[in-house]
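Student: I've got a structure here and I'd like to talk through the labels people put on its residues. Can we go through them together?

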Amino acid sequence: MSKYMLILRPTEAAAAAFANVDFTEVLNAMGRFNDELIRAGVLLAAEGLADPSEGVVVDFTGEAPMVTDGPYGETRELFNGYYILDVASVQEAVEWAKRAPMTSGSIIEIRRVPSIDEFPQDNEWIQKERAWREQTGQL
């Protein structure tokens with residue numbers, strides 16, 4: 001099994017269409033989808049994110065980090081939430097993503113989450129992280 005992150009990204013059209021959707025309807029649709037993931041035993045984590053206007057950006061492109069309030073970049077570059085699934089393949093992650101109750105025009109980006117076992121095990125920082133993960137029950 002591998003972990004895959006499903007990154008939920010609205011297009012401008014999807015964000016506009018979402019503004020007219022009853023929030024209870026959204027909660028019910030997402031709840032049913034989450035329940036399917038839970039019953040299938042593939043859901044590890046899922047969170048929605050607050051509106052980008054509440055965010056803060058730390059930009060490292062200059063000499064010193066620059067902090068700004070609010071969204072950074074175009075709407076198409078932002079994301080609203082994520083799922084982390086533990087599935088056998090990227091194809092299985094794609095099949096789950098295709099079932100998500102998304103507003104027309106939304107995009108789900110799928111990225112594999114490498115396991116700690118894929119990093120050099122003789123690195124002291126990897127060893128410290130492994131110890132922390134073992135101590136907190138993550139391994």
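Tutor: Sure, here are some of those labels, each set against its cut-off. Keep in mind that this is a predicted model.

Student: What is the order of the elements from the N terminus on?

Tutor: The elements run β-α-α-β-β-β-β-α-β-α, with four helices and six strands in the protein.

Student: Which residues have the most contacts inside the largest nonpolar core?

Tutor: Those are Leu37, Tyr83, Leu85, Val87 and Trp96, in a core of 15 residues. Strand 1, helix 2, strand 5 and helix 3 each supply at least two residues, and helix 2 gives the most, with four.

Student: What does tryptophan 96 touch, leaving out residues up to four places away in sequence?

Tutor: Phe33, Glu36, Leu37, Ala40, Val42, Leu85 and Val87. A touch here means heavy atoms within 4.5 Å.

Student: How do you know that the buried residues of helix 3 line one face of the helix?

Tutor: Start with which ones they are: Ala93, Trp96 and Ala97. Seen down the axis of helix 3, they fall within an arc of 100°, so they line one face. On the other side, Gln91 and Lys98 are exposed. The cover over the buried residues of helix 3 includes strand 1, helix 2, strand 5 and strand 6.

Student: Why is valine 21 called partly exposed?

Tutor: Its relative accessible area is 31%. Buried means under 20% and exposed means over 50%, so valine 21, at 31%, falls in between and counts as partly exposed. Valine 21 sits in the loop between helix 1 and helix 2.

Student: What makes valine 21 eligible for a nonpolar surface patch?

Tutor: A patch residue needs over 30% relative accessible area, and valine 21 has 31%, so it passes that cut-off. Phe18, Val21, Phe23 and Leu27 form the patch, with about 360 Å² of accessible area together.

Student: Now charges. Why is the pair of glutamate 109 and arginine 9 called a salt bridge?

Tutor: The N to O distance between their side chains is 3.8 Å. The cut-off is within 4 Å, so the pair qualifies. Glutamate 109 is in strand 6 and arginine 9 in strand 1, 100 residues apart. Arg9, Glu109 and Arg111 are linked in a network of salt bridges.

Student: Is arginine 9 buried or partly exposed?

Tutor: Partly exposed, at 22% relative accessibility. Buried would need under 20%, so 22% doesn't make it. Glutamate 109, at 26%, is partly exposed as well.

Student: What makes arginine 99 and glutamate 36 a link between parts of the chain?

Tutor: Their side chains meet in a salt bridge at 2.1 Å, N to O. Arginine 99 lies in helix 3 and glutamate 36 in helix 2, so the pair ties together parts that are 63 residues apart in sequence. Arginine 99 is at 47% relative accessibility, so it stays short of the over 50% needed for exposed and counts as partly exposed.

Student: How far apart in sequence are arginine 133 and glutamate 129?

Tutor: Four residues, about one turn of the helix, since both lie in helix 4. Their closest N and O atoms are 2.7 Å apart, which is within 4 Å, so this pair is a salt bridge too.

Student: How many salt bridges does the structure hold?

Tutor: Nine.

How values were computed:
Residues numbered from 1 in each chain as written. Predicted model: local features only at pLDDT ≥ 70, side-chain atom pairs only at ≥ 80, totals over all residues. Heavy atoms only, no water. Core = buried A, V, L, I, M, F, W, Y, C linked by side-chain atoms within 4.5 Å. Buried < 20%, exposed > 50% of the residue type's maximum accessible area, 1.4 Å probe, protein only. Arc of directions from axis to C-beta. Patch = residues over 30% accessible without salt bridge, like charges linked within 9 Å, V, L, I, M, F, W, Y side chains within 5 Å. Areas by Shrake-Rupley, 256 points an atom, 1.4 Å probe, with all protein chains shown as cover.
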